[in-house]
Amino acid sequence: MIPQDPVMLLSYVNMKLRDEYDNLDSLAEGLDLSNDELQDIVSKLESIGYIYDKVNNKFS
């Protein structure tokens, strides 16, 4: 289950990106997320000041 708390979500998503997935698209595919669900995650992380960094494959 994906955490709903934004700070826990940040930790979870960055761990998955670091350990298992090369980019956000592969994360979404691997976790069986729809495009809307992925955008909800990105929006939630942006709301606490974290932006996806494609070069480093993490939210920072």
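This note goes through the nonpolar core, one aromatic pair and a surface patch of the structure above.

1. The model is predicted, so local features need pLDDT of at least 70 and side-chain atom pairs count only at pLDDT 80 or more, while totals for chains, interfaces and linings use all residues. Residues are numbered from 1 along each chain as its sequence is written, and side-chain values use heavy atoms, with hydrogens and water left out.

2. The largest nonpolar core (buried Ala, Val, Leu, Ile, Met, Phe, Trp, Tyr and Cys residues joined through side-chain atoms within 4.5 Å; buried is under 20% relative accessible area with a 1.4 Å probe, protein chains only) has 16 residues, and Leu17 and Phe59 are among those with the most contacts inside it. Helix H1 (6-19), helix H2 (24-30) and H3 each give two or more residues to this core, with H1 giving the most, 5 residues; helices are DSSP runs of H or I with at least four residues, and strands are runs of E with at least two, numbered from the N terminus.

3. Beyond its neighbours within four places in sequence, Leu17 is in contact (heavy atoms within 4.5 Å) with residues including Leu24, Tyr52 and Phe59.

4. The whole structure holds 1 aromatic pair. The ring centres of Tyr52 and Phe59 are 5.4 Å apart and their planes stand at 55°, so the pair is tilted; rings of Phe, Tyr and Trp (its six-membered ring) pair with centres within 6.5 Å, and planes under 30 degrees apart are stacked, over 60 edge-to-face and the rest tilted. Phe59 counts as buried at 2% relative accessibility, as does Tyr52 at 17%.

5. Ile48, in the loop between helix H3 (35-47) and strand E1 (52-53), counts as partly exposed (between 20% and 50%) because its relative accessibility is 33%.
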